[in-house]
Structure formats: C-alpha cells, structure tokens
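Reader: Hi! Could you walk me through this protein in plain words?
Author: Happy to, let's look at it together.

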Amino acid sequence: MPGPDGGSPSSEGRVDLTETAAGLLRRLTEEHGPLMFHQSGGCCDGSAPMCYPAGEFRTGAADVHLGDLTVDGVAAPIPVWMSASQFEYWRHTHITIDVVPGRGAGFSLEAPEGMRFLTRSRLLTLEELGVLGDV
C-alpha cells in the first residue's frame, strides 16, 4: 500500500478512486500512456479533476501533490495534484475520484468518451488527519 499521501481503494491518504473510474483510467492509459490528474480552483469544469497525459500539465510551487492512485492493470501510479489555493479549502477532506456519464471538460482526456470525472468528498477523521500530520 502507498504511504500516507498515497491512493488506492484501501488507502488512508487524501485521495482515492472508484472502480468505475479505475476502469476508465485503464482504457485511457492504453490509449495515452501514463496519466496524471490536476484539480484547480476554477469555476465550472475548472473545479473538476482534469486528467492529462503525465507531464502535460506543468505543476510547480503553486500545486500540492495529494497522492498517487494505484490502479490494477496500470503500471505507473497516477499522481493527483491540486492548486495550493484550492488545497487550503480542501486540506481536511478525503477526495474520491469518480466518473459519470456526461460531457467533461474539453482538455480532460475522458471528454471524447462521453464521461466526466468528478470529485466526491468527505471530511477526514481526526485519526486520518493525525496520520497525515495535519492536526
């Protein structure tokens, strides 16, 4: 299992994914190679998790690495990033990346599939915050 900022369906980290999202990520990886997510603080689709080929979205000091998603059948972990300003609002939140039918953002890889990634969330427990060093 990944470390405290890792991500897998059984992780205690900040980020996770549903099996439906994992299935789409397997298909997208086959077509595009290694992937990454970034969630900005923009409005509309800008606040949704955007999926890109790994390295296509440049991250830096204004971004926080939430963790890496481990997907069965995908060799490379999928890093998940969030803008630092958005993270200040979400730092006490566990994020699960899911996918639903619908039109996604034009720049996110799932858009041509007729699907869109979305964020489901819940507050982290005090125990989880302690593991993450955020209490």
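Author: One term to begin with: helices (H or I, at least four residues) and strands (E, at least two) are DSSP runs, numbered from the N terminus. The expected span of a helix is 1.5 Å times one less than its number of residues. This is a predicted model, where local features need pLDDT of at least 70 and side-chain atom pairs count only at pLDDT 80 or more, while totals for chains, interfaces and linings use all residues. Residues are numbered from 1 along each chain as its sequence is written, and side-chain values use heavy atoms, with hydrogens and water left out.

Reader: Cool, so how far does helix α1 reach?
Author: Helix α1 covers residues 19-32, which is 14 residues, and spans 20 Å from its first C-alpha to its last, close to the expected 20 Å. Just after α1 comes glycine 33, with a positive phi of about 85 degrees.

Reader: Which residues of α1 are buried?
Author: They are Ala21, Ala22, Gly23, Leu24, Leu25, Leu28 and Thr29. Buried means under 20% relative accessible area, exposed is over 50%, and partly exposed is in between (1.4 Å probe, protein chains only).

Reader: And what do those pack against?
Author: The buried residues of α1 pack against β1 (15-17), β2 (35-39), β3 (50-53), β5 (78-83), β6 (93-101) and β7 (115-123). Contact here means heavy atoms within 4.5 Å.

Reader: Let's zoom out. How many helices and strands are there?
Author: The protein has three helices and seven strands. Starting at the N terminus, the order is β-α-β-β-β-β-α-β-β-α. Of its 135 residues, 47% count as buried.

Reader: What order do the strands take in the open sheet?
Author: Three strands form it, in the order β1-β6-β7, with mixed pairing. The edge strands, β1 and β7, each pair on one side only. Two strands pair if DSSP finds at least two bridges between them. From one strand to the next, the twist averages 25 degrees. α1 packs on this sheet, touching β1, β6 and β7, and its direction makes about 65 degrees with that of β6. Those directions come from axes, lines fitted to C-alpha atoms (for helices over the stretch in contact), with angles from 0 to 180 degrees between N-to-C directions.

Reader: How many bridges join β6 to β7?
Author: Nine, and the two strands run antiparallel. Across from phenylalanine 117 in β7 stands valine 99.

Reader: Any aromatic pairs, and how many?
Author: The count is two. In one of them, phenylalanine 37 and phenylalanine 117 have ring centres 5.0 Å apart and planes at 85 degrees, so the pair is edge-to-face. The rule is that rings of Phe, Tyr and Trp (its six-membered ring) pair if their centres lie within 6.5 Å; planes under 30 degrees apart are stacked, over 60 edge-to-face, and the rest tilted. Phenylalanine 37 sits in strand β2 and phenylalanine 117 in strand β7, 80 residues apart.

Reader: Is phenylalanine 37 buried or exposed?
Author: Buried, with a relative accessible area of 1%. Phenylalanine 117 is also buried, at 1%.

Reader: What about histidine 94, where is that?
Author: Histidine 94 is in strand β6, and at 4% relative accessibility it counts as buried. Beyond neighbours within four places in sequence, histidine 94 contacts several residues, including Asp16 and Arg120.

Reader: Last one: where does pLDDT stay under 50?
Author: Over residues 1-11. pLDDT is the predictor's confidence in each residue, from 0 to 100. Where it is low, the predicted coordinates should not be read in detail. The protein averages a pLDDT of 86, and 85% of the residues score at least 70.
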